[in-house]
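Biologist: I am new to this model, and I would like a careful look at one part of it before I try to take in the whole. Please choose one element and follow it from its residues to its neighbours and then outwards.

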Amino acid sequence: MKRPPNFTYWLDDVPPRGVTLLSALQHIGLVCSFLPIPLAVAREAGLTPDRMVALISVSMLALGATAILQVLTRGPVGSGLLAPSCFSGAYLAPSLLAVKAGGLPLVFGMTIFGGLIEAGLSRVLRYLRPFLPPEIAGFVVVMVGVTVGGLGVRYVLGVGAAAPASGRELAVSVLTLGLMVGLNVWGRGAPRLFCALLGIVGGYVAAAALGVLAVADFASVKDAPLVGVPSVGDLGWSFDAALVIPFAVGAMAACLKTVGDLTTCQRINDADWVRPDMRSIGRGTLANAIGSALAGFLGSTGVNTSSANIGLSGATGVTSRRIAYATGGIFLVLAFTPKIAGVLAVMPRPVMGAALMFVAAFIFVNGLQIIASRLLDARRTFVIGLSFIIAIAVDISPAYFRALPAAVQPLVGSSLVAGMLAAVLLNLVFRIGVRKVQRLALPAGHVDPAALEQFMDACGASWGARRDVIERAKFNLTQSIETLLSSGVATGPLEVEASFDEFDVDVRVFYDGPQPDLPEKRPSNEEIIASEEGERKLAGFMLRKFADRVSVAHKGGRTTILFHFDH
Amino acid sequence: MTASKARAAAGNAPDARKAANVVYGVRDVPPRGITALSGLQHVGLMSVYLVYPVLLAEAAGASNETAAAMISLTLVALGVGTLLQVIPFGPVGSGFLCQPIPTVLYMVPALIAAKQGGLPLVFGMTLAAGLLQMALSHALRHLRPIFPPEIAGLVVLLAGIATGVVGLRAIVATGADASASRPDELALALFTLTVMVALNVWARGWLRMFCVLIGMAGGYCVAVMTGRLASADVAAFAASPLLDLPGFGHLGWTFDPALAVPFALAAVAATLKVAGNVTTSQKANDPAWTRPDMRSISRGALADGLANVVAAGLGSQGLNSSTAAVGIASATGVHSRRVAWAIAAILAVLALVPKLGLLLYAMPRPVAGAALVFSSTFIVVNGLQIMTSRLLDARRTLVIGLALVAGLAVDLFPALVATLPPAWRTMLGTSLVLGTLVGLGLNLLFRIGVRRTESLAVPQGPVDTAAIEGFMTACGAAWGARRDVIERASFNLAQSVETIFQSGAVAGPLAVRASFDEFRIDLRVSYDGAPLELPDKRPSNEEILASEEGERKLAGFMLRRLADRVAVTHKSGRSTILFHFDH
């Protein structure tokens, strides 16, 4: 690992106490923007205000513990990175199903189960890659955005509530959302960083001023003691086999999200980053899995890493592990301060809705970008497009699906679950007939660069390869074939073979003729001028530079050059 | 049947590159059989929407004969509209297969009009809306700044979702009787969809090109064999005449200013949808697509407006460019304009032979719904690719993210729409329109405070590549620039800063200024010192070896090659090198 140039406090650095404290508070502020997720689940369960306070206290306990677990460097748990977890949108849809089926005890029990699934997945991540390609990971993120955004809209408009949102409630939502968006777009520095939190504060103020939040609501805050031990799991835990698949899908989504976030985190922490370190990622997902199980055990909903926090540490160049310990510590202190939890517990519905919508906008676009990072052919288009339509179908005509047999109800009860299952299944079916090795024959003499590029494009799309790697391979293939031809090494027809697995794109060029010299060092200018040999050496040197690795084999008059690209 | 053969037949330049999935490009001439079958495939999909004129006639309390005449006239109008849209003529026509269909966008206001003033009011208001669309099409040419690729992609994505939702509703028949789910209908739709998808994924040649047609025909056959066709449809088919000229008895045009707002809103929405459809077609046909071409979008919008004027003049309802048609063209790779003639001919025959028209009209709804779902998948994925073709910063993320949340909210909570006043339902009641308007509005609002010029000071010493790349990426995301151009620019900036420092001609820090408009990125690097010589030709090897001068020349030569254009100026001791990148 190499220290990135603009970092002020890197992983092992020890920042001054003030910096540590302020950075930790920043991280806590960001993580708190996701508190509306367990709050929404509790609201659907019709929890009383004092129980709500307890729920927030144990939630903070779980967040604190997870932040510390994640940064551990010894033992089997923890990526050793500053990557605090927040409440996960992925668990929102299954949790809402569980609330309806068996109340909060079922949510908590199933969340523990989800954590266990996550832990299991963290051990087999490597083998799952063919079944969970990035476009499916991105699609899951989009569907999480749909769930979170849909709930946000419901709260803002008061769909399904006793009465639709009043003018005043709408005004509070608009003010909250406007503040968040305004600060994010036009703010600078800290206000911009904490736009979500400041928006929530502004929402509280507006709600109080407009009478949406009554003085009576604060009674529970006044009654709450300053210091108190949170009551752990006093509602109990229960289990329902019918919800196994929804929570397994939620766990899978949370796991995919954590893998993606930790990859980003590794990248910003290492100036020499080439590819994800799967060992550290496996340990990190295990840390998050324990966090989710712990959250369920304490009495809250599942967690995953927070991309906003990773963005924050990258932007400020402060990733010291000390800060993770401080973040965890402060959360633990907050958990024992019911007064603060009480303030959060009375969050008005319009404020919560606005916060969820704001968060959903980012989740959405993030997912879209993950999908678009890969080339998509017709098969992959169907995987994404059809799964999306199926997911939407669940949302737009729930009545239709409610008429289906009870056994399949949990599978079609939420768009996230139905869409994810459809995507995984379609991906499996469409793997039939995808060739991992493709060939192209080039006639002697003139080579059409457009044909070569088209060949690589088609290969990349059928493999779902990364757009940028294929672009590089395209450029390099045309360049190297031109070099081969112009240096006079290859005279007859050429054959190109491209093959792929998730980690490598290999392009092999075959021709009849002598093997080119591929020197490691550029021949000196004198050499080049002095002889033809020198010029051929220059060509060979250039060939070597075109790919991540180049090797040559020669057998029975036929030469094979292998260009390897990391993927 | 190879693409190269077809290209040669069309006399295209051999170096004209074709996108990967295009079998017949817009100018290619496919064999007659393929053209005819492609036309039939399109008409099959268009027929799904013939239900709208029927509903409209019912709402106006018109007789059965009038309803039949309206269907025939709609078919004629569709034929004319198809030619207007696909065959470029004068300033009209995008030249892509995104021909019109009867649209739900005009249905909402038209239903109000039909109830208030009968069919003449519908025709009169549609005529006015068509004229408005034509006027709007002209304005489109000047609206490029408010129509960046991420907004175009948003329109495409929402149009795709809307098409898919129409298909879904046809399959699962939502509404009051939603609880009465019909497993047989779902099975029929799944069968049709499976045939289409399987042929598209695993088949080659004709089977792949006509996957939609084969799927629809297969679904239709299964429906007939299992006796799913309604007996009323069979009776109507038996009773209808073989040949008939459509009547014009219901014609008349009136205008009511009270309905101007809903129809005007529908016209705006229709224009946006044309823009989205033409954008998708452009991208599908151009492997090097970088931005929506506003000229062909404007031509397409003009054709769409004109098609509405024709439709209203003939006595039909409002039309709008079909997203599903673009989806089929992308799925099958047949984009040839020739197909438009086949479509128009088939539509004309159907208009004159009511028996055939009825046959089409009786297509079971699940079969039609499956076809719509099939074609919408391509549009959805295209939309998200267009949206993410540019770098997105927080502003742009919020623009499309919030617009999507707003658009989906409409689809997720249809009950809310019913509580709106009718005049506003067109605007707030369809996901496409609400989502797009939110996106356009936020995009306009967030343009406040985006600086088109950003500066960076680079100190002497080892070059911090990450800082330079970070600067360029942040600039690119704020501007919504193309990912690849920004990557090139940041690589080149780092290289040239290094070269400039190495040349030793510089004292003090470098000042970098980056500026952007949609067509160019300019980097200006200025420093105190003598201007660098930037020779056009590589200095000879002897020169390089002989003197230091030669090496400086080599550096200058390399600099020139890093950008699309390079220029040097010198003024009172300060030199500025301009690197220009095409965007």
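Modeller: The account below begins with one strand of chain A and then widens to its sheet, to chain B and to the contact between the chains.

This is a predicted model, in which local features need pLDDT of at least 70 and side-chain atom pairs count only at pLDDT 80 or more, while totals for chains, interfaces and linings use all residues. Residues are numbered from 1 along each chain as its sequence is written, with chains lettered from A and ligands numbered from 1 in the order in which they are written.

The element to look at is β4 of chain A, which covers residues 494–501 (strands are DSSP runs of E with at least two residues, helices are runs of H or I with at least four, and both are numbered from the N terminus). In a regular strand the side chains alternate between the two faces of the sheet. In β4(A) the covered face carries A:Leu494, A:Val496, A:Ala498 and A:Phe500, whereas A:Glu495, A:Glu497, A:Ser499 and A:Asp501 belong to the uncovered face.

The strand has β3(A), residues 437–442, as one partner, and the two run antiparallel with six bridges between them (strands pair if DSSP finds at least two bridges between them). Within that pairing, A:Val437 is placed opposite A:Ser499 of β4(A). With β5(A), residues 504–512, the strand β4(A) pairs antiparallel over seven bridges, and a hairpin of two residues leads from β4(A) to β5(A). From the covered face, A:Val496 is set opposite A:Val509 of β5(A); from the uncovered face, A:Ser499 has A:Asp506 of β5(A) as its bridge partner. A:Ser499 is thus a useful residue to find in the picture, as it stands opposite A:Val437 and is also bridged to A:Asp506.

Stepping back, the strand is part of an open sheet of five strands in chain A, ordered β3-β4-β5-β7-β6 and paired antiparallel. The edges are held by β3 and by β6 (549–555) of chain A, each of which has a single partner strand, so one side of each is left without a neighbour in the sheet. From one strand to the next the twist averages 15 degrees (axes are lines fitted to C-alpha atoms, for helices over the stretch in contact, and angles run from 0 to 180 degrees between N-to-C directions).

Chain B also contains an open, antiparallel sheet of five strands, again written in the order β3-β4-β5-β7-β6. Its edge strands are β3 (453–458) and β6 (565–571) of chain B, each pairing on one side only, and neighbouring strands are turned against each other by 20 degrees on average, with direction ignored. Inside this sheet, β5(B), residues 520–529, and β7(B), residues 574–582, run antiparallel and are joined by nine bridges, and B:Asp522 is found opposite B:His580 of β7(B).

For the setting of that second sheet, chain B as a whole has 24 helices and seven strands, and its C-alpha atoms fill a box of roughly 95 × 55 × 45 Å along the principal axes. Of its 583 residues, 55% are buried (20 or more other C-beta atoms within 10 Å of the residue's own, against 12 or fewer for exposed and values in between for partly exposed, with C-beta atoms placed from the backbone).

Where the chains meet, 52 residues of chain A are in contact with 50 residues of chain B (contact is C-beta atoms, placed from the backbone, within 7 Å). Several helices of chain A each supply at least two residues to that side, including α5 (134–157), α15 (349–372) and α16 (378–396), and α16(A) gives the most, with 13 residues. This side of chain A consists of 37 nonpolar, twelve polar and three charged residues (Ala, Val, Leu, Ile, Met, Phe, Trp, Tyr, Cys and Pro are nonpolar, Asp, Glu, Lys and Arg charged, and the others, Gly among them, polar).

To follow α16(A) across the contact, find α7(B), residues 183–202: the two helices pack at an angle of about 150 degrees, with axes 9 Å apart. Here A:Ala378, A:Arg379 and A:Phe382 of α16(A) meet B:Val197, B:Asn200 and B:Val201 of α7(B), a contact that has four nonpolar, one polar and one charged residues.

Note on methods
Contact = placed C-beta atoms within 7 Å.
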